[in-house]
Amino acid sequence: MAQISPKMLIPESFLVSRDDITGQLGLMWDLIKAPLLVPLLKIGVYVCLAMSLMLFMERLYLGVVIILVKLFWKKPEKRYKFEPIQDDVELGSSNFPVVLVQIPMFNEKEVYKVSIGAACGLSWPSDRLVIQVLDDSTDPAIKLMVEQECQRWANKGINITYQIRENRTGYKAGALKEGLKRSYVKHCEYVAIFDADFRPEPDFLRRSIPLLVHNPDIALVQARWRFVNADECLLTRMQEMSLDYHFTVEQEVGSATHAFFGFNGTAGIWRIAAINEAGGWKDRTTVEDMDLAVRASLRGWKFVYLGDLQVKSELPSTFKAFRFQQHRWSCGPANLFRKMVWEIIQNKKVKFWKKVYVIYSFFFVRKIIAHMVTFFFYCVVLPLTILVPEVKVPIWGAVYIPSIITVLNSVGTPRSIHLLFYWILFENVMSLHRTKATFIGLLEAGRANEWVVTEKLGDAVKKAAEAAKNKTNTKAPRKFRFKFADRLNTLELGFAAFLFLCGCYDFVHGKNNYFIYLFLQTISFFITGIGYVGTII
């Protein structure tokens, strides 16, 4: 039988050289590029430049106002009536209002003792303080430990109640709402809320309650978060930089100019009458705290931020926990904006400029535009302009404006100024997830109401490390082990490959030297993609 040649099975029309295939692909690219890609990419550049200018003006406005606030504004204790509540021998504790402290928690094995102990240590008359531990834990062993801890403090004379529900309907909002329905809290005037990893100082109530007592138009007093594990790893340092700007600038400016800002969900005290007037806790989004704050503000209530009043807390130190948290913090506000924008426009109780501030500045620029411009401009559009040299990005949009925005963002954490470059690269990586979550919230897609409690490690990692170091025979508190495959993040790896290709093309053919940025951003996406970010557990 004659030997069959491969050429006999393949039509001659397909037998082209490698150069011919490359030429055909190049011809197809040119045919698509001119009529389709170039116009679309130009539109993308114009849109991204417009968003960059919006974010730049917002950051500039906040920067100017915070300087004026620090130089000329009076502190909240002087802007509002503030008189410390004094102990009275004749009246006893009756001149102190009754305060409810709520501690919502869910399987908080590592930190439950910290928050309960701090709440029980608050300097306030014991007969005027009600502590409510709202435990939605699903692990029976953890529920038992939390209940025993509550009983231990109750035996010391603390008015503390361990509260559970049959189901987790509404998640945190549902737990807080259910807690306010209890008959033993009906006589409480104010409610302080602390998440399971928050540790208020003993004088917390004495420094905040007077503002509510002497100013009946104030609904909320918000304290600043201070992080006990900020130096644990580079991931926590990056988070500290972002959150310090939020508290130092955004919360301060909102409090000073419009008496409005988003409630942070913890380390704050509410007037219970304001919660009820605003419609109570709602679980329609994953940001029940912001939802309540906006509704209360639309009814004319004022908020006060106390930057000097600080509460210790824990930052998520694992990348998995951080990603879930950022999804909730990005998806929730976008979803709330979708649900409330028309209600804000129609409201008759607040002034026009406050509506503009809430809709444009608070929601649109900070919660939507900020995420999208970071991702689309610096991770998609800018790299694509390298492959399509017909589209140019002006130097002021590619370099000058983002540089100024970055410098303005750094004012919150001066001690980390040397990490600014790493922070930029990491924020660009996280903008991928924040943008995705923002679209999910705006479109109310499948994961719009996904609620994953942020895991807190407490001292577990430190104890395990000490046990290993000392080589003791005692059992380590907890072993953390995950397979390498569990840490892989395909989205980040995909963008790392895309940026690497764009960087290589710019290195060979480009004229703007963008490859330096692209290779560094590639490394950031790759490291994040293989999961070597934060505490490796």
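Me: Is E58 buried or exposed?
Reply: Happy to start there, keeping in mind that this is a predicted model. The relative accessible area of E58 is 4%, and the cut-off for burial is under 20%. E58 is therefore buried.

Me: Which side chain does E58 meet in a salt bridge?
Reply: The partner reaches E58 with an N to O distance of 2.9 Å. It sits in helix α12 (residues 352-387), whereas E58 belongs to helix α2 (residues 18-72), so the contact ties together parts 308 residues apart in sequence. Its relative accessible area is 9%, so this partner is buried as well. The side chain in question is R366.

Me: How many salt bridges are there by this rule?
Reply: The rule asks for a side-chain nitrogen of Lys or Arg within 4 Å of a carboxyl oxygen of Asp or Glu. The R366 and E58 pair, at 2.9 Å, is one that fits. Counted this way, the number of salt bridges is 21.

Me: How many residues apart in sequence are the parts that E240 and R415 tie together?
Reply: Between E240 and R415 there is a salt bridge, with 2.9 Å separating the closest N and O atoms. E240 lies in helix α8 (residues 234-257) and R415 in the loop between α13 (395-409) and α14 (420-443), so the bridge joins parts whose separation in sequence is 175 residues.

Me: Which of the two is buried, E240 or R415?
Reply: R415 has 41% relative accessibility, so it counts as partly exposed. The other residue comes in at 5%, and burial means under 20%. The buried one is therefore E240.

Me: Which residues are linked with E240 and R415 in a network of salt bridges?
Reply: The E240 and R415 bridge does not stand alone, as both residues belong to a network. The other members joined to them by salt bridges are D231 and R237.

Me: Where is E444, which meets K339 in a salt bridge?
Reply: The K339 and E444 side chains come to 2.5 Å, N to O. K339 is in helix α11 (residues 319-346), and its partner is 105 residues away in a distant part of the chain. E444 also has a positive phi of about 50° without being a glycine. Its place is the loop between α14 and α15.

Me: What is the relative accessibility of A267, a residue with a positive phi?
Reply: Most residues other than glycine have a negative phi. A267, in the loop between α8 and β6 (268-271), has a phi near 60°. A267 counts as buried, because its relative accessibility is 0%.

Conventions
Residues are numbered from 1 along each chain as its sequence is written. This is a predicted model: local features need pLDDT of at least 70, side-chain atom pairs count only at pLDDT 80 or more; totals for chains, interfaces and linings use all residues. Side-chain values use heavy atoms; hydrogens and water are left out. Helices (H or I, at least four residues) and strands (E, at least two) are DSSP runs, numbered from the N terminus. Buried means under 20% relative accessible area, exposed over 50%, partly exposed in between (1.4 Å probe, protein chains only).
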